Amino acid sequence: DDVSDWSSDVCSSDLKRAERRPSMLAFALATCGFSHALRAGLSHQACGKTCRRHASAIAYDNWLCELRELRMNELKDRLSAAGVNTAGMFEKEDLVTALLAVQPSAPPPFFEAALREEDGGLYTSVKNGQDETLRLLVDTGAARSVLSSRHHGSVAAAELDCPSLGLTGLDCAVADLPSDVDGILGFDALRGFAATELDLSSCRLRLHNRAYSATHDGGRRAVSGREGTSRVEMQVQRLGEHDLPCISFALQGRGGLIGGGGGGRCVVQALVGTGTPITMVTPELAAAAALPTAPVAAAVVDSGAGRSILTAKHCQCAELGARPEEDRYLGRHSDPEATRDAEPALGGGGGTAAPALAARSRPVVRRGVACYTGDLPLVEEAGWKGKPAALVGLDLLCPTKGAVRRLVLDMEASAVWVD
């Protein structure tokens, strides 16, 4: 088995929700997400193509520009032909918005597919351009999308066409994946859309072509005003050789053996990873945040590059979208190179310094949680060796006790919406 027996003292409702089958590691990220995607990306760069915006998003942009170039009377004529009453529409943008809603040739507002929470990760089953059904892990922590070598042999890269998700000619790395996983839908694919919505309550994946804050669901208010949903500022940052979504993240411990010490707090930029059910932190972060030294659980993780032992440490609270204290980013860590503001990557996700981003919105606080620490997979490739760093998993992003259980990566607004 890839995962060791859990400690008899463990009590973690967030982890119990994922079925852990012996044939596949519960920690999907360590098995095939960030691990294989990053390794494949390092050994084979994209074949001269960069998917910043997919065909559907480009088509929508072109269509919008064409409509805005029309005169107001031309827009009204088209709306009248579609049976829309234009009385009360005095602004050109109102006419364009109304026409977008009724034109049959307009690109859809979003692409949608079923989403299942299985084996510790989020999976969607869709058909490719050859009408074959593929089971794909949706992993925001995977730098590059991956296809299984079972279907593509020993080639280094292959293209994915998935019309139902608006994906055309997506350049993917090819790697060995578990037998029941056909590929990984990574951040390189997801960032080409205005927003990626992972709706665990209704088990739906939605890839939005239009600004997410302007969309509605079932006649309810826009997402920006939904009950129980909070905005966390996001940056696309360079980890190793790749761009990945990060948020400001803080851990607060009580120190000592079982939590009776002086306590501490540490703020870092953390990777947002939907391919793992747990949150992982480096030993440096666990020490800086004064997490108790006594573990509450243990697991053996096989990443394909070797086995790692991770231990779970109790955390007094974790903050998503945390604010630095007294302008000391990364808390008490003394390495000036590690504590400087990370440089934002080009191509989306914002460009404001991390402390300024974190100060704009209230942090989302999770209390009494557990974080796994130890020899994390591929820390050197990610540039994490010897530094406080974290990968935030589904246990903190979409806790089972959440009322909404909806996670959105909003590329247009440089934000993550969490319950």
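# Exercises on a predicted model

Buried residues account for 56% of the 419 residues in the protein chain. The structure is a predicted model, and the exercises below work through its overall make-up, one helix pair and several single residues.

## Exercise 1: The chain as a whole

Task. Describe the secondary structure, the exposed surface and the sequence range of the contacts in the protein chain.

Solution.
- Step 1. The secondary structure of the protein chain amounts to 12 helices and 20 strands.
- Step 2. The chain exposes about 17600 Å², and carbon and sulfur atoms supply 49% of that area.
- Step 3. Take the contacts between residues at least 6 apart in sequence: 72% of them join residues at least 24 apart.

## Exercise 2: Helices H5 and H6

Task. Classify the packing of H5 and H6 as roughly parallel or roughly antiparallel, then give the handedness of the crossing and the make-up of the contact.

Solution.
- Step 1. Helix H5 covers residues 72-81 and helix H6 covers residues 92-102; they pack at an angle of about 30°, and their axes are 10 Å apart.
- Step 2. Angles under 35 degrees count as roughly parallel, so H5 is roughly parallel to H6.
- Step 3. The crossing in which H5 passes H6 is left-handed.
- Step 4. On the H5 side the contact is formed by Met72, Leu75, Lys76, Arg78 and Leu79, which meet Lys92, Leu95, Val96, Ala98, Leu99 and Val102 in H6.
- Step 5. Sorted by type, the residues of this contact are eight nonpolar, no polar and three charged.

## Exercise 3: Asn85

Task. Place Asn85 relative to H5 and H6, and decide whether Asn85 is buried or exposed.

Solution.
- Step 1. Asn85 is in the loop between H5 and H6.
- Step 2. The relative accessibility of Asn85 is 60%, and exposed means over 50%, so Asn85 counts as exposed.
- Step 3. Asn85 and Ala98 are 13 residues apart along the chain, with their C-alpha atoms separated by 9.9 Å. Ala98 is one of the H6 residues that meet H5.

## Exercise 4: Two residues with positive phi

Task. For Asp119 and Ser414, give the phi angle, the location and the burial class.

Solution.
- Step 1. Asp119 is not a glycine, yet has a positive phi of about 50°. Ser414, also a residue other than glycine, has a positive phi near 50°.
- Step 2. Asp119 lies in the loop between strand S2 (116-118) and strand S3 (121-127). Ser414 lies in the loop between strand S19 (406-410) and strand S20 (415-418).
- Step 3. Buried means under 20% relative accessible area. Asp119, at 4% relative accessibility, therefore counts as buried. Ser414, at 13%, therefore counts as buried.

## Exercise 5: Ile309

Task. Determine where Ile309 lies, its accessibility class and its contacts beyond its neighbours within four places in sequence.

Solution.
- Step 1. Ile309 belongs to strand S16, residues 307-320.
- Step 2. Ile309 has 59% relative accessibility and therefore counts as exposed.
- Step 3. Leaving aside neighbours within four places in sequence, the contacts of Ile309 are with Ala299, Val300, Thr373, Gly374 and Asp375.
- Step 4. Thr373 is 64 residues from Ile309 in sequence, and the C-alpha to C-alpha distance is 8.5 Å.

Note on methods. Residues numbered from 1 in each chain as written. Predicted model: local features only at pLDDT ≥ 70, side-chain atom pairs only at ≥ 80, totals over all residues. Heavy atoms only, no water. Axes fitted to C-alpha atoms, helices over the stretch in contact; angles between N-to-C directions. Helix = DSSP H or I, 4+ residues; strand = E, 2+ residues; numbered from the N terminus. Parallel < 35°, antiparallel > 145°, perpendicular 65-115°, else oblique. Left-handed = near helix turned anticlockwise from the far one by under 90°. Contact = heavy atoms within 4.5 Å. Nonpolar A, V, L, I, M, F, W, Y, C, P; charged D, E, K, R; others polar. Buried < 20%, exposed > 50% of the residue type's maximum accessible area, 1.4 Å probe, protein only. Areas by Shrake-Rupley, 256 points an atom, 1.4 Å probe, with all protein chains shown as cover.
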